[in-house]
Amino acid sequence: LAAIAVATQRIRIVTPYFLPDDAILRSLQVAALRGVAVDIVVPARSNVPFMDWAMRPQFHWLLKSGCSVWLTGPVFDHTKLTTVDGCWSLVGSTNWDARSLRLNFEYNLECYDDALAARLDALIDSKIAAAQRLAPEDLARQSLPVRLRNGLARMLSPYL
């Protein structure tokens with residue numbers, strides 16, 4: 001949360017499951033609104049459909065704030081890494097969801113190293129180059145039953 005709050009240039013997140021709490025979501029939105037480039041890279045389809053459903057509703061607000069959401073696939077990508085401003089990196093086992101961030105016994109390595117961040121940013125660049133950018137129109141095309149299902153799944157996200 002602190003790294004997001006002090007970012008000045010860019011925030012890049014790669015995770016298989018992106019269900020952060022409201023504080024992190026709002027921090028990402030504020031960062032984008034103040035001109036920070038925010039890239040979130042997630043699988044187009046993960047190995048847990050319920051997680052996919054729960055992730056979708058929050059993307060509308062992130063896109064509206066100026067964040068970019070990238071969908072990778074078709075091979076499921078379980079990578080978990082974050083870089084901020086090309087100098088700070090977080091690599092480990094934590095997903096971006098409440099359970100992983102607060103309850104599970106996860107291991108992460110926080111690094112302050114420009115060279116490492118540059119290598120990780122190059123890896124993220126390659127993932128983005130092969131990904132599809134999610135557009136607001138993509139979300140608007142979802143049927144009402146799909147939006148209701150996704151909203152219900154999102155409400156249950158603290159338990160996922």
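**Reading helix packing and side-chain contacts**

Q: How do the axes of α3 and helix α7 (residues 144–155) cross, and how should the angle be read?
A: In this predicted model, the axes of α3 and helix α7, the latter spanning residues 144–155, come within 7 Å and cross at roughly 95°. Angles from 65 to 115 degrees count as roughly perpendicular, and therefore α3 is described as roughly perpendicular to α7.

Q: Which residues make that contact, and how do they divide by class?
A: On the α3 side the contact is made by F50, W53, A54, R56, P57 and Q58, while α7 contributes R149, N150, G151, A153 and R154. By class, the contact of α3 with α7 has five nonpolar, three polar and three charged residues.

Q: At what angle do helix α2 and helix α3 cross, and is the crossing left-handed or right-handed?
A: The axes of α2 (residues 22–33) and α3 (residues 49–65) come within 8 Å, with a crossing of roughly 20°. Because angles under 35 degrees count as roughly parallel, α2 is roughly parallel to α3. The crossing of α2 and α3 is right-handed. From α2 the contact draws on L25, L28, Q29, A32 and L33, and from α3 on Q58, W61, L62 and S65. The residues of this contact of α2 with α3 divide into six nonpolar, three polar and no charged.

Q: Is S65 buried or exposed?
A: The general idea is that a residue is called buried when its relative accessible area is under 20%. S65, which has its place in helix α3, has a relative accessible area of 11% and is therefore buried. Leaving aside neighbours within four places in sequence, S65 is in contact with Q29, A32 and L33. The side chain of S65 also reaches the backbone oxygen of W61, at 3.0 Å.

Q: Where is T79 found, and which residues does T79 touch?
A: Here the case is a loop residue, since T79 is found in the loop between β4 (68–72) and β5 (81–84). Not counting residues up to four places away in sequence, T79 touches V14, T15, P16 and K127.

Q: What polar contacts join the side chain of T79 to other side chains?
A: A polar contact of 2.5 Å joins the side chains of T79 and D77, and another, of 3.5 Å, joins the side chains of T79 and K127.

Q: How far apart are T79 and L63 in sequence and in space?
A: T79 and L63 are 16 residues apart in sequence, and their C-alpha to C-alpha separation in space is 22 Å.

Technical notes
Residues numbered from 1 in each chain as written. Predicted model: local features only at pLDDT ≥ 70, side-chain atom pairs only at ≥ 80, totals over all residues. Heavy atoms only, no water. Axes fitted to C-alpha atoms, helices over the stretch in contact; angles between N-to-C directions. Helix = DSSP H or I, 4+ residues; strand = E, 2+ residues; numbered from the N terminus. Parallel < 35°, antiparallel > 145°, perpendicular 65-115°, else oblique. Left-handed = near helix turned anticlockwise from the far one by under 90°. Contact = heavy atoms within 4.5 Å. Nonpolar A, V, L, I, M, F, W, Y, C, P; charged D, E, K, R; others polar. Buried < 20%, exposed > 50% of the residue type's maximum accessible area, 1.4 Å probe, protein only. Polar contact = N/O pair within 3.5 Å; in protein donor to acceptor, adjacent residues only side chain to side chain.
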